[in-house]
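Subject: Structure handover

Hello,

Here is the structure for your files. My notes on what turned up follow below it.

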Amino acid sequence: MSAGDPVDPLSSDAGSATGTFDDAFHLERFADASYYASALFRECFRSDFPVPHDVAGLPAAAPAGAWRQYVAFYRWDDARIEAVGFCNWIRCGRYYLGGGMCVSPTFYRRMPREHFGVCRERGGVAQLMVEAAFRELTDCDAWFGYCGDRKAYQADIRAGFSPTRHPLLVAKWRPGLSDADRCAIEDEVAAIGPF
């Protein structure tokens with residue numbers, strides 16, 4: 001994952017947007033967000049966008065229909081709408097695997113100061129996307145992230161993930177699972193490696 005924390009925008013670079021942050025910011029979930037987020041993903045990771053496909057090598061089937069992709073959009077004053085964040089979730093058996101999180105590296109310094117303040121108070125774009133997934137993707141026992149980026153890790157922890165016994169693997173658990181179940185699922189996901 002590669003998602004930065006908000007940094008104070010430079011006043012000379014700050015853009016403008018009409019209305020409140022809530023008027024300008026919008027999260028949307030897609031089965032395939034490649035049309036909206038490919039350029040952002042390529043800019044952040046220098047690699048091809050994760051187009052939904054059947055995934056082999058996972059403990060449970062992960063067909064293209066098991067993918068949920070979130071895009072954060074921002075509407076500027078000139079009515080231009082920009083994809084400023086992306087996160088991918090794959091339903092795999094009893095859990096979701098989250099990855100590919102990215103936020104435009106120039107977004108925070110371009111947004112209006114008043115909008116930046118609200119976004120920062122809410123944890124930033126990455127945290128808002130993760131929280132939306134936790135609210136909406138509830139047909140599971142857990143959500144997992146594999147996180148090697150320090151800023152993305154901090155956003156994940158703020159959103160509700162917890163560290164696991166495995167380096168770089170974070171999890172959020174639904175209530176009611178036994179410790180034995182948690183350990184078994186955690187070990188299964190850790191065996192996948194980076195996702």
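Two strands count as paired if DSSP finds at least two bridges between them. Strands (E, at least two residues) and helices (H or I, at least four) are DSSP runs, numbered from the N terminus.

Some ground rules next. This is a predicted model, so local features need pLDDT of at least 70 and side-chain atom pairs count only at pLDDT 80 or more, while totals for chains, interfaces and linings use all residues. Residues are numbered from 1 along each chain as its sequence is written, and side-chain values use heavy atoms, with hydrogens and water left out.

Overall layout

The protein has 7 helices and 7 strands. From the N terminus, the elements run α-β-α-β-β-β-α-α-α-β-α-β-β-α. Of the 195 residues, 46% are buried. Buried means under 20% relative accessible area, exposed means over 50%, and partly exposed is in between (1.4 Å probe, protein chains only).

The sheet

The 7 strands form an open sheet with mixed pairing, in the order E1-E2-E3-E4-E5-E7-E6. E1 and E6 stand at the edges with a single partner strand each, so one side of each has no neighbour in the sheet.

Strand E1 (residues 25-30) pairs with E2 in the antiparallel sense, over 6 bridges. E2 also pairs antiparallel with E3, over 9 bridges. Gln69 links the two pairings: Phe30 stands opposite Gln69 in E2, and the bridge partner of Gln69 in E3 is Asn88. E3 and E4 are antiparallel too, over 7 bridges. There, Trp89 stands opposite Gly98 in E4.

Why is E2 described as largely enclosed by the rest of the structure? Because 7 of the 9 residues in this strand (residues 67-75) are buried.

Positive phi

Most residues other than glycine have a negative phi. Two residues are worth a look here.

Ala79 is not a glycine, yet its phi is positive, near 70 degrees. Ala79 lies in the loop between E2 and E3. That hairpin has 5 residues between the strands. Ala79 counts as exposed because its relative accessibility is 55%.

Leu168 also has a positive phi, of about 70 degrees, and is not a glycine. Leu168 sits in the loop between strand E6 (162-163) and strand E7 (169-173). Its relative accessible area is 41%, so Leu168 is partly exposed.

The largest pocket

A pocket is an open set of points on a 1 Å grid over the protein atoms alone, with protein on both sides within 12 Å along at least five of seven lines; the probe is 1.4 Å, and lining residues have an atom within 4 Å of a point. Grid points are joined across faces, edges and corners, and a volume is the space filled by probe spheres set on the points.

The largest pocket holds about 380 Å³ of space. Its lining has 16 residues, and Pro50, Asn88, Gly99, Gly100 and Phe195 lie nearest the centre. Helix H2 (34-45), strand E3 (81-92) and strand E4 (95-103) are the elements that give two or more residues to this lining. E4 gives the most, with 4 residues. Asn88 therefore appears twice in these notes: as the E3 bridge partner of Gln69, and among the residues nearest the pocket centre.

How many residues of each class line the largest pocket? There are 11 nonpolar, 5 polar and no charged residues. Ala, Val, Leu, Ile, Met, Phe, Trp, Tyr, Cys and Pro count as nonpolar, Asp, Glu, Lys and Arg as charged, and the others, Gly among them, as polar.

Rings

Rings of Phe, Tyr and Trp (its six-membered ring) pair if their centres lie within 6.5 Å; planes under 30 degrees apart are stacked, over 60 edge-to-face, and the rest tilted. The count comes to 21 aromatic pairs. One of them is Phe107 with Tyr108, a tilted pair at 5.6 Å centre to centre and 50 degrees between the planes. Phe107 counts as buried because its relative accessibility is 0%. Tyr108, at 6%, counts as buried as well. Both belong to one aromatic cluster with Tyr74, Trp76 and Phe116.

Lys172 lies over the face of Phe134, 5.2 Å from the ring centre. The rule for this is NZ of Lys or CZ of Arg within 6 Å of the ring centre and within 35 degrees of the ring normal.

Best regards
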